[in-house]
Amino acid sequence: RAPSLAIPPSTRDADQAKAFSGDAADLPQGLVTFVVGPERRRFEHLTKALLCIRSEYFNRQFRTGMAESTTAAAGGGAGAGGAAEPEVDVPDADPEAFQCLLDYIATDEVAFAPGGGAEEARRAFLTMQLAHKHGMVRLELLCLQALQEGELLSPASAVPLLEGACAAGCAGAGEDGEEAGGQLVAACREYMLAEGHAVAEAGGLEALRELPVARGLLRDSYAENERLRGETDRMCGGGSDPRGFR
């Protein structure tokens with residue numbers, strides 16, 4: 001089992017103190033609405049300054065004129081100085097994951113139901129992806145911790161998580177603990193190696209869609225088979241079989 005993750009200390013109190021300091025005058029001011037996902041779920045009247053303090057991604061976004069498809073609010077709502085409150089389209093994000101991101105910005109906490117099944121695992125994974133995009137390392141690690149230690153990595157979720165992490169470009173990273181996405185790939189492969197029967201019983205092997213992922217799992221099984229063969233040879237005196245015959 002992988003060692004527990006080292007979660008960095010919270011910065012919420014220090015971040016919120018900045019919002020009430022003289023330095024806050026230099027931050028983008030006013031409110032913003034995000035329109036998220038294909039279903040266009042609205043997250044309205046969010047404070048730009050707090051978003052900028054908590055996320056360097058938002059800070060860059062608002063300081064460069066919100067290049068990500070900005071429109072005037074349909075209701076003509078006014079922000080700072082009477083200006084129309086802008087809307088920012090985020091079509092490629094999952095609304096539930098975006099809500100988790102906003103909850104973390106407000107509270108420095110994120111919650112996923114232990115043993116919540118494949119759907120809860122998916123929410124944690126998508127939140128981890130958003131956290132990575134927004135440069136929020138602590139949130140990214142909290143999501144990884146929930147996936148690894150919160151019973152979200154299960155026979156039903158192992159394959160979707162592995163394929164999702166590989167599709168996000170994490171397959172070659174993380175074995176030395178550098179990136180959360182890579183650590184998730186390693187954790188899923190280790191889990192599937194140890195719990196292969198349970199994964200098969202849950203239909204995980206039939207659900208495999210990506211050939212490179214399947215090849216990686218096959219390489220894992222070959223390597224584990226060779227490791228066990230070597231241990232058996234050592235235990236039996238260098239080549240005898242387990243029953244003591246040569």
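Colleague: What share of the 246 residues in the chain do buried residues make up?

Modeller: This is a predicted model, and its values are computed from the predicted coordinates. A residue is counted as buried when its relative accessible area is under 20%. Among the 246 residues of the chain, the buried share comes to 41%.

Colleague: How many helices and strands are there in the chain, and what percentage of the contacts with a separation of 6 or more is accounted for by residues 24 or more positions apart?

Modeller: The chain holds 11 helices and four strands. Of the contacts with a separation of 6 or more, the part that comes from residues 24 or more positions apart is 62%.

Colleague: How are helix 5 and helix 6 oriented to each other, roughly parallel or roughly antiparallel?

Modeller: Two packed helices are described by the angle between their axes and the distance between the axes. Here the axes of helix 5 (residues 117–133) and helix 6 (residues 137–149) come within 8 Å and cross at roughly 160 degrees, in a crossing that is left-handed. Because angles over 145 degrees count as roughly antiparallel, the two helices are roughly antiparallel.

Colleague: Which residues of helix 6 are met by residues in helix 5, and how do the residues of this contact divide into nonpolar, polar and charged?

Modeller: From helix 5, the participants are A121, A124, F125, T127, M128, A131 and H132, and on the side of helix 6 they meet L139, E140, C143, L144 and L147. The residues of this contact divide into nine nonpolar, two polar and one charged.

Colleague: Is E120 buried or exposed, and which residues does E120 touch beyond those up to four places away in sequence?

Modeller: E120 has its place in helix 5. With a relative accessible area of 14%, which is under the 20% cut-off, E120 is buried. Leaving aside residues up to four places away in sequence, E120 touches A111, F112, A113 and L152.

Colleague: Which residue in strand 4 forms a salt bridge with R42, and how many residues apart are the two?

Modeller: Side chains of opposite charge can pair when their charged atoms come close. R42 is partly exposed, with a relative accessible area of 39%, and R42 forms a salt bridge with E44, where the closest N and O atoms are 2.8 Å apart. R42 also meets a side chain of strand 4 (residues 86–90) in a salt bridge of 2.8 Å, N to O, and this partner is buried at a relative accessible area of 5%. The pair links distant parts of the chain, with R42 in strand 2 (residues 41–47), and the partner, 45 residues apart from R42, is E87.

Colleague: Which parts of the chain does the salt bridge between D94 and R122 tie together?

Modeller: The closest N and O atoms of D94 and R122 are 3.5 Å apart. D94 counts as buried at 18% relative accessibility, whereas R122 counts as partly exposed at 40%. The pair ties together parts that are 28 residues apart in sequence, because D94 lies in the loop between strand 4 and helix 4 (95–107) and R122 lies in helix 5.

Colleague: How many salt bridges does the count come to, and which residues are joined into one network?

Modeller: Taking a side-chain nitrogen of Lys or Arg within 4 Å of a carboxyl oxygen of Asp or Glu as the rule, the count comes to 11 salt bridges. Salt bridges that share partners join into one network the residues D15, R54, D108 and R138.

Key
Residues are numbered from 1 along each chain as its sequence is written. This is a predicted model: local features need pLDDT of at least 70, side-chain atom pairs count only at pLDDT 80 or more; totals for chains, interfaces and linings use all residues. Side-chain values use heavy atoms; hydrogens and water are left out. Axes are lines fitted to C-alpha atoms, for helices over the stretch in contact, and angles run from 0 to 180 degrees between N-to-C directions. Angles under 35 degrees count as roughly parallel, over 145 as roughly antiparallel, 65 to 115 as roughly perpendicular and the rest as oblique. A crossing is left-handed if the near helix is turned anticlockwise from the far one by less than a right angle, and right-handed if clockwise. Contact means heavy atoms within 4.5 Å. Ala, Val, Leu, Ile, Met, Phe, Trp, Tyr, Cys and Pro count as nonpolar, Asp, Glu, Lys and Arg as charged, and the others, Gly among them, as polar. Buried means under 20% relative accessible area, exposed over 50%, partly exposed in between (1.4 Å probe, protein chains only).
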